[in-house]
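This briefing is about one protein model and the ligand it holds. Look at the sheet before turning to the ligand.

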Amino acid sequence: MDLDAFHLHPPDARLLEGRVALVTGATGGIGAATALELAAHGAAVTVDYRSKDDTARTMVEAITAGGGRATAVELDVTDEDSVIAAFATTREALGTVDLLVANAGIETRSPLVDMALEDWRRVIDVNLTGAFLCAREAARGLRAAGARGVLVFMSSVHEQIPWMEFSHYCASKGGMKLFMQSIARELAPHGIRCVDVAPGAIATAINRPVLEDPQEREAVLDEIPYGRWGEADDVARAGPWRASAQADYVVGTTLFVDGGMTLYPNFV
Ligand code: NAD
């Protein structure tokens, strides 16, 4: 994350002027890149943090110094009170959230027969229940304000591709897809659009064990027709258009940002 390089896009290129965004998991790889990209497009952005408050503060300073608007807030997406408080803080600081990026997520590896209930619950809690709590709060705020908005869910190619030893992760992302589509139908009549963004293999902390093992890193590469791992910016740059008025008719769909990974039916 090169914060010194942060600058707003030229006025004519900004897609999100006047919008208020809350990004969860905003100090992580894809979340940080997304928060910065939304800010560069003119959105006022809430950068959440759990423990990395220094990172969040530095991001807010960089955005502000570059002419944007941002605030930092502590948030645990699995905690209902924390979610409600984060949206209230954002409302006071920046206005009603009209662009949620439900990005916070975790993954752990475990064969089914060894999977502890605690591991299952933790992944479902962060990835799926966290998205539900944030979506509900965003929708409540928009309905109360009578405003339009967009809810973006950071899903995964594993909303579609089964993945051995990551069944809880796949359940969370597959669940996210139908959750998103169901609420897309509910909320569309109110001018609230819901979409998924589904990254493939992106070089972030969540993949550190794979990236650090040359054999595993290459094995993943074999599954990517485009011939390279993705970067957090690849995902971040795919978001603003879908969240903007330019994409006003895009409802309930998934955008795969995966270098073609979903074209492999034999992925394991
Ligand atoms: P990352 O580990 O760098 O970031 C994850 C972020 O989520 C961190 O900032 C972490 O603090 C935050 N988080 C975890 N638990 C939280 C909680 N309870 N409350 C609030 N925040 C919490 O990983 P990433 O690659 O940037 O992943 C971001 C999202 O993208 C995840 O949902 C992940 O499933 C998804 N994704 C990633 C990849 C990939 O290859 N990196 C591929 C597909 C999907």
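The points below cover the sheet, the helices packed on it and the surroundings of the ligand. The model is predicted. Its sheet is open and has 7 strands with parallel pairing, and the protein covers 91% of the accessible area that the ligand has on its own.

**The sheet**

- The 7 strands follow the order 3-2-1-4-5-6-7 across the open sheet.
- The edges are taken by strand 3 (70-74) and strand 7 (254-257); each has a single partner strand, so one side of each is left without a neighbour in the sheet.
- From one strand to the next, the twist averages 20°.
- Strand 2 (residues 44-49) runs parallel to strand 3, and 5 bridges join the two.
- Within this pair, T46 stands opposite T71 in strand 3.

**Helices packed on the sheet**

- Helix 3 (residues 80-93) packs on the sheet and touches strand 1 (20-23), strand 2, strand 3 and strand 4 (99-102).
- The direction of helix 3 makes about 160° with that of strand 3.
- Helix 5 (residues 167-187) also packs on the sheet, where it touches strand 4, strand 5 (149-154), strand 6 (192-199) and strand 7.
- The direction of helix 5 makes about 160° with that of strand 6.

**The ligand and its shell**

- There are 30 residues around the ligand, and I30, N103, Y169, T204 and N207 come nearest.
- By type, the shell divides into 13 nonpolar, 12 polar and 5 charged residues.
- Helix 1 (29-40), helix 4 (117-145) and helix 5 each supply at least two residues of the shell.

**Polar contacts of the ligand**

- The side chain of Y169 has an N or O atom 2.7 Å from an oxygen atom of the ligand.
- A polar backbone atom of G200 is 3.1 Å from an oxygen atom of the ligand.
- For G105, a polar backbone atom is 3.5 Å from an oxygen atom of the ligand.
- On its own the ligand has 820 Å² of accessible area, of which the protein covers 91%.

Terms used. Residues are numbered from 1 along each chain as its sequence is written. This is a predicted model: local features need pLDDT of at least 70, side-chain atom pairs count only at pLDDT 80 or more; totals for chains, interfaces and linings use all residues. Side-chain values use heavy atoms; hydrogens and water are left out. Two strands pair if DSSP finds at least two bridges between them. Helices (H or I, at least four residues) and strands (E, at least two) are DSSP runs, numbered from the N terminus. Axes are lines fitted to C-alpha atoms, for helices over the stretch in contact, and angles run from 0 to 180 degrees between N-to-C directions. Contact means heavy atoms within 4.5 Å. A residue is near a molecule or strand if one of its heavy atoms lies within 4 Å of it. A polar contact is a pair of N or O atoms within 3.5 Å; within protein, one must be able to donate a hydrogen and the other to accept it, and residues adjacent in sequence count only if both atoms are side-chain atoms. Accessible areas come from the Shrake-Rupley method with a 1.4 Å probe; for residues, only the protein chains shown count as cover. Ala, Val, Leu, Ile, Met, Phe, Trp, Tyr, Cys and Pro count as nonpolar, Asp, Glu, Lys and Arg as charged, and the others, Gly among them, as polar.
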